[in-house]
Amino acid sequence: DPAAAADVTPNLEIYTGILGQPGAGTYTPLGNPQSAIVTELPWNEAYAPLIQLVIVFTAAILILAGLGALVGRIMARRLAAPLISLTEVANRIASGELSLEANPEGPQEVILLATAFNQMTSELRQVLTGLEQRVADRTRALATSTEVSRRLSTILDPDQLVIEVV
């Protein structure tokens, strides 16, 4: 019956073939009389397309992984460069170069950080200028007080002393 033969699904098996080499084969029974069609190929020939596909996919994966690593490295450097620059400016300001400003460049977050850092440095300069002015004012007041005390200490006449103090 041809319909019964069409329903049979061949099973591919790996075994030692007719020539004693590993092979892949299958058979299909013919029905009456007890006979079958046997198909056999050497193992490497039967799986050659699959092996070739695995090699191509492996090569593609390795190439894509290499490209991904290269792109990742470039992006990391691109993202890190503004942060390294900002760190250098921060270290130089910390060592006393208060006139420096950070260059706001890079991703938006780094630009916001550099802008905030520049604003903080500007406010620090203003505070230091105010403190320097207060120190200068107090130094002048102290010098004036010292000069007055020195002059008053030389006056022995009480009436003259009162006039000088006033």
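Which residues does Thr121 touch, not counting residues up to four places away in sequence? Keep that in mind as you open the viewer. The model is predicted.

**Stop 1: Thr121**

Select Thr121. Thr121 sits in helix α4, which covers residues 108-153. Now show its surroundings. Thr121 touches Ile93, Leu98 and Leu100, once residues up to four places away in sequence are set aside. Is Thr121 buried or exposed? Its relative accessibility is 3%. Buried means under 20%, so Thr121 counts as buried.

**Stop 2: Asn118**

Stay in helix α4 and select Asn118. Asn118 has 11% relative accessibility, so this residue counts as buried too. Its contacts, leaving aside neighbours within four places in sequence, are Glu101, Ala102 and Pro104.

**Stop 3: the whole of α4**

Select all of α4. The helix has 46 residues. At 1.5 Å a residue they should span 68 Å. The end C-alpha atoms are 67 Å apart, which agrees. Next, colour the buried residues of α4: Val110, Ala114, Phe117, Asn118 and Thr121. In a helix, residues three or four places apart point the same way, because there are 3.6 residues a turn. What do the buried residues of α4 pack against? Their partner is α3.

**Stop 4: the whole of α3**

Move to α3, residues 48-94. This helix has 47 residues. From first C-alpha to last, α3 reaches 67 Å, close to the 69 Å expected at 1.5 Å a residue. Follow the helix to Ala80. A kink of about 30° lies there, shortly before the proline Pro82. Pro82 is also one of the buried residues of α3. The others are Leu86, Val89 and Ile93. The buried residues of α3 pack against α4. Go just past the end of α3 and select Gly96. Gly96 takes a positive phi of about 120°.

**Stop 5: two partly exposed residues in α3**

Select Ala59, which is found in α3. Ala59 has a relative accessible area of 35%, which makes this residue partly exposed. Now draw a distance from Ala59 to Gly130. These residues are 71 apart along the chain, and their C-alpha atoms are separated by 67 Å.

Then select Gly68, also in helix α3. Gly68 is partly exposed as well, with a relative accessible area of 42%. Draw a second distance, from Gly68 to Gly106. Their C-alpha atoms are 21 Å apart in space, with 38 residues of separation in sequence.

**Stop 6: the nonpolar core**

Which residues make up the largest nonpolar core? Select Leu86, Val89, Ile93, Leu100, Ala102, Ala114 and Phe117, which are 7 residues in all. Two elements, α3 and α4, give two or more residues each to this core. The most comes from α3, with 3 residues.

Centre the view on Leu86. Its neighbours within four places in sequence are left aside here. Leu86 is in contact with Ala102, Leu113, Ala114 and Phe117.

**Stop 7: the sheet**

Leave the helices and show the strands. There is an open sheet of 3 strands, in the order β1-β2-β3, with antiparallel pairing. Which strands stand at the edges? They are β1 (13-16) and β3 (35-42). Each has a single partner strand, so one side of each is left without a neighbour in the sheet. Turn the sheet to see its twist, which averages 40° from one strand to the next. Strands of a sheet pair through backbone hydrogen bonds.

**Stop 8: β1 and β2**

Zoom in on β1 and β2, with β2 spanning residues 22-31. How many bridges pair these two strands? The antiparallel pairing runs over 4 bridges. Select Thr16 and look for its bridge partner in β2, Pro22. Then select Ile14, whose bridge partner in β2 is Ala24.

Finish at the hairpin of β1 and β2. There are 5 residues between the strands. Select Gly20, which takes a positive phi near 85° in this hairpin.

**Before you close the viewer**

Go back to α3 and α4 together. The buried residues of α3 pack against α4, and the buried residues of α4 pack against α3. Thr121 is one of the buried residues of α4, and Ile93 is one of those in α3. Thr121 touches Ile93.

How values were computed:
Residues numbered from 1 in each chain as written. Predicted model: local features only at pLDDT ≥ 70, side-chain atom pairs only at ≥ 80, totals over all residues. Heavy atoms only, no water. Buried < 20%, exposed > 50% of the residue type's maximum accessible area, 1.4 Å probe, protein only. Contact = heavy atoms within 4.5 Å. Expected span 1.5 Å × (residues − 1). Bend = angle between axes of the 7 residues up to and from the residue. Core = buried A, V, L, I, M, F, W, Y, C linked by side-chain atoms within 4.5 Å. Pairing = 2+ DSSP bridges. Axes fitted to C-alpha atoms, helices over the stretch in contact; angles between N-to-C directions.
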